[in-house]
Amino acid sequence: MKKLIYVSLLSLGCVGMISAQKKKTAHTPYKVEEASVITTLKFLASDDLKGREPGTPEMEMAARYLEDVLQKNGIKPYFSTYRDTLSNMTVPAYNIVGVLEGTDPKLKKEFVVIGAHYDHIGLAKETVNGDNIYNGADDNATGTTTVAELVNYYGKVKSNKRSILFCFFSGEEKGLLGSKHLAAKLKEQNFPVYTMLNFEMTGVPLGDGLLAYLTGYGRSNMADKLNEYAGKKIIGSNAFEMQYQLFRASDNYPFWQEFNIPAHTLCTTEMTAFKYYHQLGDEFDVMDTKHMTDFIQQMIPVVEKTVNAPSKEIVLKK
């Protein structure tokens, strides 16, 4: 009899342990894998893509790669396909656009746009030390990789109360042509956008105790809210950005113009220290993938709280 009681208690203990393990597993925080970051970044910045010039076969390879990222994560095309054909370029060029519907009956009618440009400037006219490829690792394979990892995250957890529009822009290096085209197109459709987060040049650490800076820092309370969401100050302003008005130089700007909403770019690269901007040396080997992985990991809860805030907490400053 004692033996039977012991066995029964042991069985109950095992069940309890299994239940506890399941409970623990269910609450395990999502982990961004550096290997995944490396895979995407290395592909986009590879010599095989020859600098991701719009209208080239190599840019087509990049577009197909990003379409696959969206598809494998269950992110649907926003238009009839993932491709939004640019009407303001003379060569075939496409934004890659996917949508993940929100889970809240009311909030899903509002959208958060998350974007990055995946084009770069192609090939140099002259070869320097055997190299003529502008690989564009930091500009902007890193931002594209950041958005791809957010796609991977939401593809798994689907925890967004608001709907998310994931945008990989083309034609940024030609004058923000991809984002200008899409923002104007969405405006005509009365697209209900709440805010826009753009990622650009996230491949090297900023330093000064900050994780990133926000372009157009004083135009809205976004930096304050993102720091609040992070539980610490990780985002600040940047003197170079303010001097050269980088707020106007990336794909956030057309959304601010068209919709009059908080639309900003997050960047971790200190432009006064990074010597490879639009240079042949902007290659995978000079990127810090551990930093990138940490940056994306810290962005996830910030984006989560942005997407799931009960009201529009991020607002323009008067």
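Modeller: In this predicted model, a helix is a DSSP run of H or I with at least four residues, and helices are numbered from the N terminus. Asn-140 is found in one of them, helix H4.

Biologist: What is the peptide bond from Asp-139 to Asn-140, cis or trans?

Modeller: Cis. Its omega is near 0°.

Biologist: Where is Asn-135, and what makes it buried?

Modeller: Asn-135 sits in the loop between strand S6 (131-133) and helix H4 (137-157). Its relative accessible area is 1%. Buried means under 20%, so Asn-135 qualifies.

Biologist: Which residues does Asn-135 touch?

Modeller: Leaving out residues up to four places away in sequence, Asn-135 touches Leu-44, Ala-45, Ser-46, Asp-47, Arg-52, His-120, Leu-280, Asp-282 and Glu-283.

Biologist: How many disulfides are there?

Modeller: The count is 0. A disulfide is a covalent bond between the sulfur atoms of two cysteines. The cut-off for counting a pair is 2.5 Å.

Biologist: Why is Cys-167 too far for a bond?

Modeller: The closest cysteine sulfur to that of Cys-167 belongs to Cys-267, 19 Å away. A pair must lie within 2.5 Å, so Cys-167 forms no disulfide with Cys-267. Seen from the other end, Cys-267 has the sulfur of Cys-167 as its nearest, at 19 Å, and is in no disulfide.

Biologist: Why do Cys-167 and Cys-267 count as buried?

Modeller: Cys-167 has 0% relative accessibility, and Cys-267 has 4%. The limit for buried is under 20%, so each value meets it.

Biologist: What makes a set of residues a nonpolar core?

Modeller: The members must be buried residues of the listed kinds, including Val, Leu, Ile and Phe, joined through side-chain atoms within 4.5 Å. The largest such core has 65 residues. Ile-114, Phe-166, Phe-199 and Leu-226 have the most contacts inside it. A second, separate core has 18 residues, among them Phe-79, Phe-191, Phe-259 and Ala-263. In soluble globular proteins, nonpolar side chains tend to be buried together.

Biologist: Which residues does Phe-199 touch?

Modeller: Among them are Ile-114, Asn-140, Val-147, Leu-150, Leu-266, Phe-295 and Met-299. Residues up to four places away in sequence are not counted.

Biologist: Now the helices. Why is H6 called roughly perpendicular to H9?

Modeller: Two packed helices are described by the angle between their axes and the distance between the axes. For H6 (residues 222-230) and H9 (residues 289-308), the angle is about 115° and the axes are 8 Å apart. Roughly perpendicular covers 65 to 115 degrees, so H6 and H9 are placed in that class. Their crossing is right-handed. Leu-226, Tyr-229 and Ala-230 of H6 make the contact with Val-302, Lys-305 and Thr-306 of H9.

Biologist: Why are H2 and H9 called roughly perpendicular?

Modeller: Their axes cross at roughly 115° and come within 9 Å. The class runs from 65 to 115 degrees, and H2 and H9 are therefore roughly perpendicular. This crossing is right-handed. H2 brings Glu-34, Val-37, Ile-38 and Leu-41. H9 brings Thr-289, Lys-290, Met-292, Thr-293 and Ile-296.

Biologist: What makes Lys-290 exposed?

Modeller: Its relative accessible area is 58%. Exposed means over 50%, so Lys-290 passes. The C-alpha atoms of Lys-290 and Val-204 are 9.3 Å apart, although 86 residues separate them along the chain.

Biologist: Why are H2 and H3 called roughly antiparallel?

Modeller: H2 (residues 34-44) packs against H3 (residues 57-72) at about 160°, with axes 10 Å apart. Angles over 145 degrees count as roughly antiparallel, so H2 and H3 earn the name. The crossing is left-handed. Thr-39, Thr-40, Phe-43 and Leu-44 of H2 meet Met-61, Ala-62 and Tyr-65 of H3.

Biologist: Which phi does Asn-129 have, and why does it count as exposed?

Modeller: Asn-129 has a positive phi of about 50° and is not a glycine. It lies in the loop between strand S5 (123-128) and S6. Its relative accessibility is 80%. The limit is over 50%, so Asn-129 is exposed.

Biologist: And why does Leu-176 count as buried?

Modeller: Its relative accessibility is 7%, and buried means under 20%. Leu-176 too has a positive phi, near 60°. It is found in the loop between strand S7 (163-169) and helix H5 (177-188).

How values were computed: Residues numbered from 1 in each chain as written. Predicted model: local features only at pLDDT ≥ 70, side-chain atom pairs only at ≥ 80, totals over all residues. Heavy atoms only, no water. Buried < 20%, exposed > 50% of the residue type's maximum accessible area, 1.4 Å probe, protein only. Contact = heavy atoms within 4.5 Å. Axes fitted to C-alpha atoms, helices over the stretch in contact; angles between N-to-C directions. Helix = DSSP H or I, 4+ residues; strand = E, 2+ residues; numbered from the N terminus. Parallel < 35°, antiparallel > 145°, perpendicular 65-115°, else oblique. Left-handed = near helix turned anticlockwise from the far one by under 90°.
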